[in-house]
Amino acid sequence: MKQLISAIDELPRVAEQLLSFANEERVFIFYGEMGAGKTTFIKALCKRLGVTDTVSSPTFSIVNEYESPAGSIYHFDFYRLKNQSEAFDLGYEDYLYSGQYCLIEWPEKIPDLIPPRVVKVELEVTDDDKRTLTAEII
Ligand SMILES: Nc1ncnc2c1ncn2[C@@H]1O[C@H](COP(=O)(O)OP(=O)(O)OP(=O)(O)O)[C@@H](O)[C@H]1O
């Protein structure tokens, strides 16, 4: 799918579209430069999934866990990861195969640890407040 997000207030609609596109898939990887809006989009996605907890970038904790009616949601930000084995140490694989939603920012940091069948999402800045979201199942 490819969608133009021309303003922040369109995020709920696009989040809903992405969830229908993803169907049964639970693992999402988000590509996009700093400030592209990965965290902002994930907030909209979590809201759509019924999360009432505060959603924020797990830059320092690397993983945040939220509760939702659909089960736990694990939100990763691998930006500060030094090497891939650090991901193992924090139990990444257990989260990944838990069957719960895993939303991963900076998957570039774990190139060897991307499982088959994930929803690959790319956010591109087209203008100050405009973004293009592209998603495919890989
Ligand atoms: N259409 C849009 N979609 C998403 N974010 C937008 C949009 N328009 C403007 N923004 C703004 O872009 C900024 C994106 O910041 P955000 O922290 O979500 O980016 P990020 O990709 O997660 O960056 P980082 O990798 O540094 O965490 C926010 O200030 C947000 O308000």
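**Notebook: fold, cores and one buried threonine**

I began with the secondary structure and counted four helices and seven strands in the protein chain. The model I am reading is predicted. Next I read the elements along the sequence and wrote down the pattern β-α-β-α-β-β-α-α-β-β-β. I then looked up the radius of gyration, which is 14 Å. The globule rule gives 14 Å for 138 residues, so the chain is as compact as a globular protein of that length.

**Overall dimensions and surface**

I took the box along the principal axes. The C-alpha atoms fill roughly 40 × 30 × 30 Å. I checked burial next: 46% of the 138 residues count as buried. For the surface, I noted about 7,200 Å² exposed by the protein chain. Carbon and sulfur atoms supply 47% of that area.

I also looked at sequence separation in the contacts. I took those between residues at least 6 apart in sequence, and 56% of them join residues at least 24 apart.

**Charges**

I counted 14 positive and 23 negative side chains. The centres of the two sets lie 4 Å apart.

**Cores**

Which residues have the most contacts inside the largest nonpolar core? I found Phe-28 and Phe-41, in a core of 27 residues. I then asked which elements feed this core. Helices H1 (11-22) and H2 (38-48) each supply at least two residues. So do strands S2 (27-31), S5 (101-105), S6 (119-127) and S7 (130-137). H1 gives the most, with six residues.

I followed Phe-41 further, leaving aside its neighbours within four places in sequence. I listed its contacts as Ile-5, Leu-11, Val-14, Ala-15, Leu-18, Phe-30, Leu-123 and Leu-133.

I found a second, separate core as well, this one of 17 residues. Val-27, Phe-76, Ala-87 and Leu-113 are included in it.

**Thr-132**

I turned to Thr-132 and placed it in strand S7. Is Thr-132 buried or exposed? I read a relative accessible area of 11% for Thr-132. The cut-off for buried is under 20%, so Thr-132 counts as buried.

What is Thr-132 in contact with, leaving aside its neighbours within four places in sequence? I noted Lys-2, Gln-3 and Leu-4 among its contacts. I also noted Glu-122, Leu-123, Glu-124 and Thr-126 for Thr-132. Leu-123 was already on my list of contacts for Phe-41.

Notes:
Residues are numbered from 1 along each chain as its sequence is written. This is a predicted model: local features need pLDDT of at least 70, side-chain atom pairs count only at pLDDT 80 or more; totals for chains, interfaces and linings use all residues. Side-chain values use heavy atoms; hydrogens and water are left out. The radius of gyration is taken over C-alpha atoms; the globule rule is 2.2 Å times the number of residues to the power 0.38. Buried means under 20% relative accessible area, exposed over 50%, partly exposed in between (1.4 Å probe, protein chains only). Contact means heavy atoms within 4.5 Å. Accessible areas come from the Shrake-Rupley method with a 1.4 Å probe; for residues, only the protein chains shown count as cover. Lys and Arg count as positive and Asp and Glu as negative; His and the chain ends are not counted. The place of a charge is taken as NZ of Lys, CZ of Arg, CG of Asp or CD of Glu. A nonpolar core is a set of buried Ala, Val, Leu, Ile, Met, Phe, Trp, Tyr and Cys residues joined through side-chain atoms within 4.5 Å.
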